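Thank you all for coming. I would like to walk through one structure this morning, going slowly, for anyone who is meeting it today.

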Amino acid sequence: MSEAHELPGVRAKNALIRRLEQASGDVASAALARMEETLPWFRAMPAETRAWIGLVAQAGVTAFIEWYRSPDGAAEIPRDVFGAAPRELARAVTLRQTVDMVRVTVDILEQTISDLAPTGDEGELREAVVRYSREIAFAAAQVYAAAAEQRGSWDARLESLVVDALVRDEIDDALNSRAAALGWATPANVAVLAGTKPAGEPQVVVTAIHRAARKAGLDVLAGAQGDRLVVVVGGRGDGDALAAAVLDEFGNGPVVLGPTVPDLLAAGRSARASLAGHHAAAAWPNAPRLVHANELLPERALDGDPDAREFLVEQVYRPLVAAGGDLLETVSTYLEQGTSLEATARAMYVHANTVRYRLRRLAEITGYAAGSPRDALALQVALALGRLDIERQIPPEL
C-alpha cells in the first residue's frame with residue numbers, strides 16, 4: 001500500500017516511527033548522559049564497560065522502534081537487545097544495575113516520544129513503552145538467569161574437582177585459588193566429614209549443604225561421590241561445632257569427622273582419616289551418629305589403613321615398650337584376663353594396687369583406659385600390630 005493510500009492512523013504511526021528512527025542516536029546519547037549524571041556505579045566503571053552499556057542502550061532504542069512497528073509479531077526483539085554486548089557484561093554489571101540502566105533509557109525514550117508524538121496520542125505511546133519495558137525486563141531476567149545457570153554449572157564442576165583433589169590427596173598451590181573462586185575464605189579451622197549421601201540429585205544435596213553452612217556462617221566445599229558425601233567445612237569453632245552445622249544433611253549411618261587442621265592445604269590429612277573411617281565404620285555397628293576418625297583407629301587398622309596402623313604402633317605400642325617397668329606385660333595380661341584386676345594380679349604375682357598403678361600409667365602415656373571396651377579394643381590391636389612390627393624387624397637365623 002502506498003503512503004497516499006494508507007489509513008490516517010497507520011500514516012501517523014509510520015511518520016512517528018520515521019521520526020523515532022532519526023532521533024534514536026540522540027535518545028541513546030541522552031540515556032548515557034543521564035546514567036552518568038544519576039548513577040554513581042556507572043561513573044565508576046571502566047570506559048570499555050560504559051561502551052558496552054552504550055551499545056545496549058542504542059540496541060534497546062532500535063529494538064523498541066521495531067517492536068512498536070509490529071508489537072505482536074516481534075516477540076524475540078527484546079531478547080536480542082542484550083546480544084549487542086559481549087557475554088562478559090553479565091559479570092561486569094549486576095542485575096540491579098541493569099534494571100537501573102533500563103529504567104533510565106525507558107524514561108528518556110518516553111520523554112522523546114512525548115515530544116515527537118502527535119497531540120492526543122501520548123497516552124497510547126506511553127502504554128506501548130510500558131509494555132515494551134516489561135518485555136525488556138523479562139529479557140534481562142532471562143539473560144542473568146542463563147548466566148547464573150552457566151556459572152552454577154561451572155562452580156559445581158570446579159567444586160567437585162577441589163573435593164576430589166583432597167580425597168586423592170593431590171594438593172598443590174592451585175588448590176587455594178580454585179577454592180577462593182568458589183567463595184572459600186581463610187577459616188581458622190578446617191575439618192573433613194565423610195558419610196552416606198542422602199537420596200536426591202547430587203547437586204540438590206550439595207546445595208542443601210551450602211545452605212546449612214551459610215546459615216551457620218561457615219565456609220564449605222562439598223562433593224557427592226557415588227553413595228558417599230564428602231564435606232570440607234571451615235570456621236572458628238572446633239571440629240564438633242563445625243560438623244554440627246551440616247550433620248543433618250547426611251544420609252543414614254555414621255558420619256566420620258577427620259582431625260581439625262589449620263588450613264585447606266593441610267586438609268588432605270583430615271580427608272584421609274575421615275574417608276578411611278567411613279570405609280571401616282561398618283565394623284562398629286553401634287557407632288554414634290558423629291564419630292571421630294580416631295575413635296575408629298582399631299577398625300581402620302584392621303581394614304588396612306596405614307595411617308591408623310602407624311599411629312597405634314608409634315603412639316601406643318612403642319611408648320609402652322619405652323616405659324619399661326613391666327608396663328607392657330601388665331597391659332597385655334590385663335586384656336588377656338578380661339580386664340579383671342584380681343585375675344591380672346594373680347597371674348603376675350603382684351598386688352592389685354600395683355596393677356591399678358600401672359593402668360594409670362598406661363592412661364597417662366597413651367590416653368587409653370584399658371577398662372573401657374573401646375579403648376581395650378584399640379590397645380589389643382596396637383599390641384598385635386606392634387608385635388608383628390617387631391617380628392618383621394628381627395633378621396631370620398642363619
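Let me begin with a question: is Arg168 buried or exposed? Arg168 is exposed, since its relative accessible area comes to 52%, where anything over 50% is given that word. Please keep in mind throughout that what you see on the screen is a predicted model, and that the values I quote are computed from it.

Before going further into single residues, let me set out the whole chain. It has 398 residues, of which 42% count as buried, and it is built from 17 helices and five strands. If we take the contacts between residues at least 6 apart in sequence, 68% of them join residues that are at least 24 apart.

Now back to Arg168, and to the salt bridges. The structure holds eight of them, and I will take you through several. Arg168 pairs with Asp164, and the closest N and O atoms of that pair are 2.8 Å apart. Asp164, for its part, is partly exposed, with a relative accessibility of 26%.

Another of these pairs is formed by Asp307 and Arg272, with 3.0 Å between the closest N and O atoms. Asp307 belongs to helix 13, which covers residues 306-323, whereas Arg272 belongs to helix 11, residues 267-280, and so this salt bridge ties together parts that are 35 residues apart in sequence. Both partners count as partly exposed, Asp307 with a relative accessible area of 30% and Arg272 with 33%.

A further pair is Glu364 with Arg361, where the closest N and O atoms are 3.9 Å apart, which is still within the 4 Å that the term allows. Here both residues sit in helix 16, residues 352-366, and they are three residues apart, or about one turn of the helix. Glu364 is exposed, at 60% relative accessible area, while Arg361 is partly exposed, at 30%. I should also mention Glu314, Arg318 and Asp389, which are linked with one another in a network of salt bridges.

What, then, of a charged residue that has no such partner? Glu159, which is found in helix 7, residues 122-167, is buried and yet has no salt bridge. How far away is the nearest side chain of opposite charge? That side chain belongs to Arg214, and it is 9.8 Å away. What the side chain of Glu159 does reach is the backbone nitrogen of Ala222, at 2.7 Å. Setting aside its neighbours within four places in sequence, Glu159 is in contact with Leu182, Val206, His210, Val220, Leu221 and Ala222.

Let me turn next to helix 16 once more, this time together with helix 15, which runs over residues 341-348. The axes of these two helices come within 8 Å and cross at roughly 105°, and helix 15 and helix 16 are therefore roughly perpendicular to each other. If you look at where they meet, you will find Leu341, Thr344, Ala345 and Met348 on the side of helix 15, and Ala352, Val355, Arg356, Arg358 and Leu359 on the side of helix 16.

The loops on either side of helix 15 deserve a careful look at the backbone. As background, most residues other than glycine have a negative phi. Thr339, however, has a phi near 60°, a positive value in a residue that is not glycine, and Thr339 lies in the loop between helix 14, residues 327-336, and helix 15. Tyr349 likewise has a positive phi of about 60° without being a glycine, and its place is in the loop between helix 15 and helix 16. As for their surroundings, Thr339 is partly exposed, with a relative accessible area of 33%, whereas Tyr349 is exposed, at 77%.

My last stop is Lys215, which lies in helix 9, residues 202-215. Lys215 is exposed, with a relative accessible area of 79%. What separates its C-alpha atom from that of Ala245? The two residues are 30 apart along the chain, and their C-alpha atoms are separated by 8.4 Å.

That is the tour I had planned, and I am glad to go back to any of these places on the screen.

Note on methods: Residues are numbered from 1 along each chain as its sequence is written. This is a predicted model: local features need pLDDT of at least 70, side-chain atom pairs count only at pLDDT 80 or more; totals for chains, interfaces and linings use all residues. Side-chain values use heavy atoms; hydrogens and water are left out. Buried means under 20% relative accessible area, exposed over 50%, partly exposed in between (1.4 Å probe, protein chains only). Helices (H or I, at least four residues) and strands (E, at least two) are DSSP runs, numbered from the N terminus. Lys and Arg count as positive and Asp and Glu as negative; His and the chain ends are not counted. A polar contact is a pair of N or O atoms within 3.5 Å; within protein, one must be able to donate a hydrogen and the other to accept it, and residues adjacent in sequence count only if both atoms are side-chain atoms. Contact means heavy atoms within 4.5 Å. Axes are lines fitted to C-alpha atoms, for helices over the stretch in contact, and angles run from 0 to 180 degrees between N-to-C directions. Angles under 35 degrees count as roughly parallel, over 145 as roughly antiparallel, 65 to 115 as roughly perpendicular and the rest as oblique.
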